[in-house]
Amino acid sequence: MASSVFFTHSHCYSSKPSSLVFRLHRQVGLGPTSLGFSSSHVAPVAVMATDSSFKVIDGKSVAKQIRDEITAEVSRMRESIGVIPGLAVILVGDRKDSATYVRNKKKACESVGINSLEANLPENSTEEEVLNYIAGYNDDPSVHGILVQLPLPSHMNEQNILNAVRIEKDVDGFHPLNIGRLAMRGREPLFVPCTPKGCIELLHRYNVSIKGKRAVVIGRSNIVGMPAALLLQREDATVSIVHSRTSNPEEIIRQADIIIAAVGQANMVRGSWIKPGAVIIDVGINPVEDPNSPRGYKLVGDVCYEEAIRIASAVTPVPGGVGPMTIAMLLQNTLISAKRVHNFE
Ligand SMILES: Nc1nc2c(c(=O)[nH]1)N[C@@H](CN(C=O)c1ccc(C(=O)N[C@@H](CCC(=O)O)C(=O)O)cc1)CN2
């Protein structure tokens, strides 16, 4: 994390007009059970209260429950047909945060019995070298999923690289064909991007109904905001996307029953922007100065948690909310891929 951080205040500041705060920080960057979503028979980890009592949506424990489910499925597959799912991870460059995420993905694979392969390429690698690795993994039958850790060094064309991953192994769900299918009624992507998939999975497992609800997604990145909005509308929510050019974002956000915040701006969403009883999924992972922490910083979300817990009915914490779900969904997508290739139900 620390290599790429910028710091802001650790409290939910209020001196700037909110629309200005939003403009100053322009953002970077479902459906059916066949895609791996929980269906109604899955026992929820916790049930949302129908009264106004507040719930913390515990992504860490939901992710652990999902990893346990995957462990059981991986061993059933290995014992029945002798196949072990395999994930190949390509890391280019020396960003500390990316190296940590890749290490955690490898550890997570190990913990559920999925094989993992890793290609570590130096910062000054060429696009062609990355494409060669992808081509090798595309042709390797022991590899069921391929992931290129983002962001890539700035001299590389991200689209060229993501387009080269075979759609059948695109466990990140970033290939334009997978994203395009997500946007089309009646078409199913082979994979749904992990972070937005994790957001929806949290709503399902906490029995938050989506159908007919007003949802607002804050941020329109290709890897979170846009797919999250598409997933919500596939589940029959009425969806608005709030972005850096939206005027009066507060007014729109205040109408939402469900808020997915994915803008990368610490504490941007204030308590006064939240409709009483709304459910909040906070995707932001923002470092803010914290002299009391040994690292000198702590992580906070895009939503001011201390204010949100007083008004929302449920909120994901940061850390321990959406983050752990991202890796759980990656494991799930890798398992889905292996099952699909080997016709294993
Ligand atoms: N190819 C991809 N690149 C990136 C993705 C992705 O899904 N695919 N997402 C992010 C990074 N990411 C996974 O790669 C990721 C981010 C955060 C977490 C997480 O568990 N966060 C913890 C806090 C971690 C900490 O203490 O530093 C949490 O929120 O609890 C997991 C995965 C960008 N790149």
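Helices in this account are DSSP runs of H or I with at least four residues, strands are runs of E with at least two, and both are numbered from the N terminus. With that convention in place, the structure, which is a predicted model, can be followed from its sheets to the ligand and then to the residues with unusual backbone geometry.

Strands of a sheet pair through backbone hydrogen bonds, in either a parallel or an antiparallel manner. In this model six strands form an open sheet whose order is β1-β11-β8-β7-β5-β6, and the pairing is parallel. Because β1 (55–56) and β6 each have a single partner strand, they stand at the edges, and one side of each is left without a neighbour in the sheet. The link between β1 and β11 consists of two bridges, with the strands running parallel, and Lys 55 has Ala 314 as its bridge partner in β11.

A further parallel pairing is found between β2 (residues 86–92) and β4, which are joined by four bridges; in this pairing Ala 88 stands opposite Ile 146 of β4. The side chains of β4 alternate in direction, with Gly 145 and Leu 147 pointing one way and Ile 146 and Val 148 the other, yet all of these residues are buried.

Val 148 also leads to the ligand, since a backbone N or O atom of this residue lies 2.8 Å from a ligand nitrogen atom. An oxygen atom of the ligand is placed 2.6 Å from an N or O atom in the side chain of Lys 105, while another polar approach involves Pro 324, where a backbone N or O atom lies 3.5 Å from an oxygen atom of the ligand. Taken alone the ligand exposes 690 Å², of which the protein buries 81%.

The ligand is surrounded by 16 residues, and the closest of them are Lys 105, Val 148, Leu 150, Asp 172 and Gly 320. By class, this shell is made up of ten nonpolar, four polar and two charged residues. Two helices, α3 (96–112) and α11 (322–341), each supply at least two residues of the shell, and the largest share, four residues, comes from α11. At the level of domains, the ligand lies between domain 1 (1–57 + 196–325) and domain 2 (82–172), because both give residues to the shell around it.

Two cis peptide bonds deserve attention when the backbone is traced. One joins Leu 150 and Pro 151, with omega at about 0 degrees, and Pro 151 has its place in the loop between β4 (145–148) and α5 (158–164). Leu 150 is thus a partner in this bond and also one of the residues closest to the ligand. The other bond runs from Val 318 to Pro 319, with omega near -5 degrees, and Pro 319 is situated in the loop between β11 (314–315) and α11.

Positive phi values in residues other than glycine complete the picture. Asp 236 has a phi of about 70 degrees although it is not a glycine, and this residue lies in the loop between α8 (225–234) and β6 (238–242). Its relative accessibility of 43% falls between the limits of 20% and 50%, so Asp 236 counts as partly exposed. Asn 343, a residue other than glycine whose phi is likewise positive, near 50 degrees, lies in the segment after α11. Because its relative accessible area is 71%, and the exposed class begins over 50%, Asn 343 is exposed.

Conventions: Residues numbered from 1 in each chain as written. Predicted model: local features only at pLDDT ≥ 70, side-chain atom pairs only at ≥ 80, totals over all residues. Heavy atoms only, no water. Near = heavy atom within 4 Å. Polar contact = N/O pair within 3.5 Å; in protein donor to acceptor, adjacent residues only side chain to side chain. Areas by Shrake-Rupley, 256 points an atom, 1.4 Å probe, with all protein chains shown as cover. Nonpolar A, V, L, I, M, F, W, Y, C, P; charged D, E, K, R; others polar. Domains from an automatic or database assignment. Buried < 20%, exposed > 50% of the residue type's maximum accessible area, 1.4 Å probe, protein only. Pairing = 2+ DSSP bridges.
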